[in-house]
Amino acid sequence: MENERLRAEVVVVGSGAGGGTVARELALRGRDVIILERGRWHRHMGDLLAMMTVLDRMAVFSRSREGVIIDRAITVGGSTVMYAGNSFDPPAWLKDEYGIDLTPWARETKEELGIAPFPEEWFGPGTRRLREAAADLGIDLAPQEKFIDPERCDSACDHCMMGCERDAKWTTRRYVSEALGRGARLITRAEVREVLLCGNPREAAGVRALTPRGELLVEAEKVVLSAGGMGTPPILNRSGIWEAGSNFFMDPMVVLLGIGREGGTWREGTFTHASTDFAGSDGFIVGNTGGMNALLSMLTRPSTAWNIRRALRYPRAMGMFAKVADSSSGHISPDGSMSKPMTREDRLRMDKGATVCEKIMVRAGADPRSICAVKDLGGHPGGTAAIGRVVDSGLQTEVRGLFVCDGSVLPRSPGVPPVLTIISLAKRLAATL
């Protein structure tokens, strides 16, 4: 089929934390909504095959020109399908510097979804040792709030970043399903190429997309781009908004793997605990990583692949990570290619975070000789359509009726998972639309 045409009041591009939330909120208000998603609704979840299928270029090959690995999921639900389920409050600087107070929407979301830390009895002995070791060093490794129902979750699984097969982890697929139940339409495998424009001054009139059946034109009064920090800027560029694409950050991590003398965290959860003690002063947070995920992280780099020998001692593997609030030094090109140099300050932050993690691990019983690290693993691409640069405080671009709602609108790296922030921004936007 060629040149298929559809019409809606609002077309939403992307179904992740931003797009899925906007679509649901508008559908609940009775608006006629079409959701266009580049990926499919993948059903198989919970193992390495699922992860490699859903992540863009199997994650390992999704790299900047400088070799920084940047993960994102191309599927219904976006990267919420493959995240660790962590919830952090919106950064205070959004209110202080940009006048955007997301408190009401964040509170509403927490209450609605039951966001809370896991109960104490959920944590295994290795995780407890890491927490106690951190406390001995004066570091508060605190339980984290989660988008996960502990009643459904298997504490020995640690497959959150491979997709949750038990439906214990909340993803925006639930919001998309609610939207569909209220009359919204979802079209998968639809790659949006550009926004349709009309008038002078320019106004959004819909989008043009490519599907397996041919070209699709969706006419709409409002367009919301939520294709993510990497997917949104090329669409904006092809639509004549050339300011998009710069200011790129991605919250890089360093992951450490060690072998515990008394035992590790192999069948224990990842990112159940974290410390923000260093966030304000040094620009990083640290947290725990399950032994399996730590080992898998090692295999993303040929230079560290030799550490596969540690798999022979996998029951005693333990891991930690340091996540850095990096500089906005990167760029997404109109063709989607990435440049993300790590500045000297980024490197210093990452090295200091790794040192803190290593001290905690050794204190928890890891053999110092066994500890190795893999750096430059990014997972929260953003900044490329930033508030104050590409969109205004209401998330509208210079084109009337064209809005952006995803990680790309964040002016700088929050240094922590941004899911709750993006959901809150989406609810705020839907309320104004």
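## Structural report

The chain carries 55 positive and 53 negative side chains, and the centres of these two sets are 4 Å apart. In this count Lys and Arg are positive and Asp and Glu negative, while His and the chain ends are left out; each charge is placed at NZ of Lys, CZ of Arg, CG of Asp or CD of Glu. The structure is a predicted model, in which local features need pLDDT of at least 70 and side-chain atom pairs count only at pLDDT 80 or more, whereas totals for chains, interfaces and linings use all residues. Residues are numbered from 1 along each chain as its sequence is written, and side-chain values use heavy atoms, with hydrogens and water left out.

**The chain as a whole**

There are 11 helices and 16 strands in the chain; these are DSSP runs numbered from the N terminus, with H or I over at least four residues for a helix and E over at least two for a strand. The radius of gyration is 21 Å, close to the 22 Å that the globule rule gives for 433 residues, so the chain is as compact as a globular protein of that length. This radius is taken over C-alpha atoms, and the rule is 2.2 Å times the number of residues to the power 0.38. Along the principal axes, the C-alpha atoms fill a box of roughly 70 × 45 × 40 Å.

Of the 433 residues, 59% count as buried (under 20% relative accessible area, with exposed over 50% and partly exposed in between, for a 1.4 Å probe and protein chains only). The accessible surface comes to about 16900 Å², and 50% of it belongs to carbon and sulfur atoms; areas come from the Shrake-Rupley method with a 1.4 Å probe, and for residues only the protein chains shown count as cover. Among contacts (heavy atoms within 4.5 Å) between residues at least 6 apart in sequence, 77% join residues at least 24 apart.

**Helix α1**

Helix α1 covers residues 17-28, and its 12 residues should span 16 Å at 1.5 Å a residue; the end C-alpha atoms are 17 Å apart, which agrees. The expected span is 1.5 Å times one less than the number of residues. The helix is mostly covered, with 11 of its 12 residues buried, among them R24 and E25. These buried residues pack against β1 (4-13), β2 (33-37), α4 (103-113), α6 (173-181), β8 (214-225) and α11 (419-432). After α1 comes G30, which has a positive phi near 85°.

**Local backbone features and buried residues**

The peptide bond from N200 to P201 is cis, with omega near 10°. P201 is found in the loop between β6 (191-198) and β7 (203-211). Although F271 is not a glycine, its phi is positive, about 60°. D376, likewise not a glycine, also has a positive phi of about 60°. The table places F271 and D376 beside Q144.

| Residue | Location | Relative accessibility |
|---|---|---|
| F271 | loop between β9 (253-259) and β10 (273-275) | 7%, buried |
| D376 | strand β15 (residues 372-378) | 10%, buried |
| Q144 | loop between β4 (142-143) and α6 | 9%, buried |

What does Q144 touch, not counting residues up to four places away in sequence? Q144 touches N86, F88, A116, P117, F118, F271, T272, H273 and A274. F271, with its positive phi, is thus one of the residues that Q144 touches. Q144 and R5 are 139 residues apart in sequence and 46 Å apart in space, C-alpha to C-alpha.
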